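Colleague: Before I build anything on a model, I would like to learn how to read its helices and its ligand site with some care. Could you take me through it step by step?

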Amino acid sequence: MSKIIVVIGAQWGDEGKGKIVDLLAEHFDIVARYQGGHNAGHSVQVGDKSFVLHLLPSGIVHKGKTCVLGNGMVIDPKAFFEEADRLMTQGIEVSPERVKISSRAHLILPYHRALDHTSEERLGNEKVGTTLRGIGPAYEDKAGRRGIRTADALVPEVLRSRIERNLEDANRIIMAYGGEKLDANEIFDETSRLAERLGAFISDTTHFLNVAASDGRSILLEGAQATLLDVDHGTYPFVTSSSTVAGGAIVGSGLAPNRLTGVLGIVRTYTTRVGEGPFPTEMVEDEAEMGQLIRERGREYGASTGRPRRCGWFDAFATRYAAEINGFTSVALTKLDVLDALEEIKVCVGYKLDGRTCESLPAVSQDLRRIEPVYAILPGWQSSTVGMTEMDSLPSEARAYVDFLSEKIGVEIGLVSTGPERSQTIVVKDSAVGGWLND
Ligand code: IMP
């Protein structure tokens, strides 16, 4: 059976998925995204070159790999070409031969971006802190059955009539909240120009992926955002608008569920969150200084928006939940080296609400804000682990920390990352990652 795996962040995103997918991509034929859009931001470091990817899967930086933008995605054509053109100037081939966009993926158009702003303004103090890229409004249109799919954009009459109809409603909302009225002709002209160029990239990727799977080709399904930002299973309403979890990879790619052979969770040795929403282990008040230390050591600033990320201790309770709903068969633990300076490290091993132990993650965000985390305190190692490639070279406290997290999450750790470069990785157990590092 060919390898078909999903790689997903276990927390609120930015777990260092870019590097791990990049490491694995070499051993897969196809790398596909299945949800989200250019709200994602992966940084991939290859030697002295750094690539920032928003829409394209990380596999793009590997010669000869086919990349798919699946049906579950929302695609801003302008953002797609900006990214493609930027990568091409960095020597990466972004051609229709290697990049396939689903004919069923939905488009993000300028009114979605305007509506994202309006929606956040309307929410005031309750705002989500979105990336303002139009992601939510595009998914609203999809669920509302008025969305425009990439294939629709290739038929000018369809494109024009949908834009006119949708813009009528969008303009009403935008203008009611003091925004500027958008012009249907301008949007149509710009979109049809972009669609002409996009046409060569558009095809039935569902068919392509299923045929590839039947032919024994290996496929890596690359999640964006992460488990706790999933629209169903995340910390609703402070979530993104798509299904980020392993189940979403099936819907968003069109691959049949029984094709999957593994699910890799990406977990960082601490937790971060960008945007608003509850974050039980956040380092605030008397821990704010520690939060700042982690932010600087981990360079925790958004790859998409540049926003400083909120930092907190590792939340094993939430990560165990992520392991459960995704069915992690293995975990990659990233950014071990960021904790090198710490004397003591806290790990949240349980939640209490109103003095009572929680059995599972509370569904109501107000409750999540009131959580009292139950912490275990582990000794730090206070020496450099940067670039280490063997478990045996790690200080004993670092090894104990890795083992403790694995035990609390309930999943074996297959990889540990000790720096941003490909080579700065410990393969704890290739068998634990299903032999994915073999061809
Ligand atoms: P949206 O996806 O732009 O609608 O934003 C919804 C929430 O998801 C906000 O809290 C964003 O900060 C967060 N978010 C979206 N994309 C990412 C990502 O790639 N990493 C981390 N957080 C993200």
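Modeller: We will go through two helices, one residue and the ligand site, bearing in mind that this is a predicted model.

Colleague: Let us begin with α8, residues 205–214; which of its residues are buried?

Modeller: A residue counts as buried when its relative accessible area is under 20%. In α8 the buried residues are T205, T206, L209, N210, A212 and A213. Viewed down the helix axis they fall within an arc of 160°, so they line one face of α8, whereas H207 and S214, on the other side, are exposed.

Colleague: What covers the buried residues of α8?

Modeller: The cover includes a series of strands, namely β1 (4–9), β2 (30–33), β5 (66–69), β7 (99–102), β9 (202–203) and β10 (219–222).

Colleague: And what should I look for at the start of α8, and in the residue that follows the helix?

Modeller: At the start, a side-chain oxygen of D204 comes to within 3.2 Å of the backbone nitrogen of T206. Following the helix is G216, which has a positive phi, near 85°.

Colleague: How many residues of helix α1, residues 17–25, are buried?

Modeller: Here 9 of the 9 residues are buried, so α1 is largely enclosed by the rest of the structure. The buried set includes K17, K19 and D22, along with I20, V21, L23 and L24.

Colleague: Where does T191 sit, and is this residue buried or exposed?

Modeller: T191 belongs to helix α7, residues 184–198, and is buried, with a relative accessible area of 2%. Setting aside neighbours within four places in sequence, T191 is in contact with L107, L109, L159 and I163. T191 also lies 8.4 Å from K78, C-alpha to C-alpha, although 113 residues separate the two in sequence.

Colleague: Turning to the ligand, which residues come nearest, and what polar contacts do side chains make with its oxygen atoms?

Modeller: Of the 16 residues around the ligand, N39, T131, T240, V274 and R307 come nearest. The side chain of T131 has an N or O atom 2.6 Å from a ligand oxygen, and a polar side-chain atom of R307 lies 3.0 Å from an oxygen atom of the ligand. A ligand nitrogen, for its part, is 3.2 Å from a polar side-chain atom of Q225. Taken alone the ligand exposes 470 Å², of which the protein buries 96%.

Colleague: What is the make-up of that shell by class?

Modeller: The shell around the ligand has 6 nonpolar, 8 polar and 2 charged residues.

How values were computed:
Residues are numbered from 1 along each chain as its sequence is written. This is a predicted model: local features need pLDDT of at least 70, side-chain atom pairs count only at pLDDT 80 or more; totals for chains, interfaces and linings use all residues. Side-chain values use heavy atoms; hydrogens and water are left out. Buried means under 20% relative accessible area, exposed over 50%, partly exposed in between (1.4 Å probe, protein chains only). Helices (H or I, at least four residues) and strands (E, at least two) are DSSP runs, numbered from the N terminus. The arc is that of the directions from the helix axis to the C-beta atoms. Contact means heavy atoms within 4.5 Å. A polar contact is a pair of N or O atoms within 3.5 Å; within protein, one must be able to donate a hydrogen and the other to accept it, and residues adjacent in sequence count only if both atoms are side-chain atoms. A residue is near a molecule or strand if one of its heavy atoms lies within 4 Å of it. Accessible areas come from the Shrake-Rupley method with a 1.4 Å probe; for residues, only the protein chains shown count as cover. Ala, Val, Leu, Ile, Met, Phe, Trp, Tyr, Cys and Pro count as nonpolar, Asp, Glu, Lys and Arg as charged, and the others, Gly among them, as polar.
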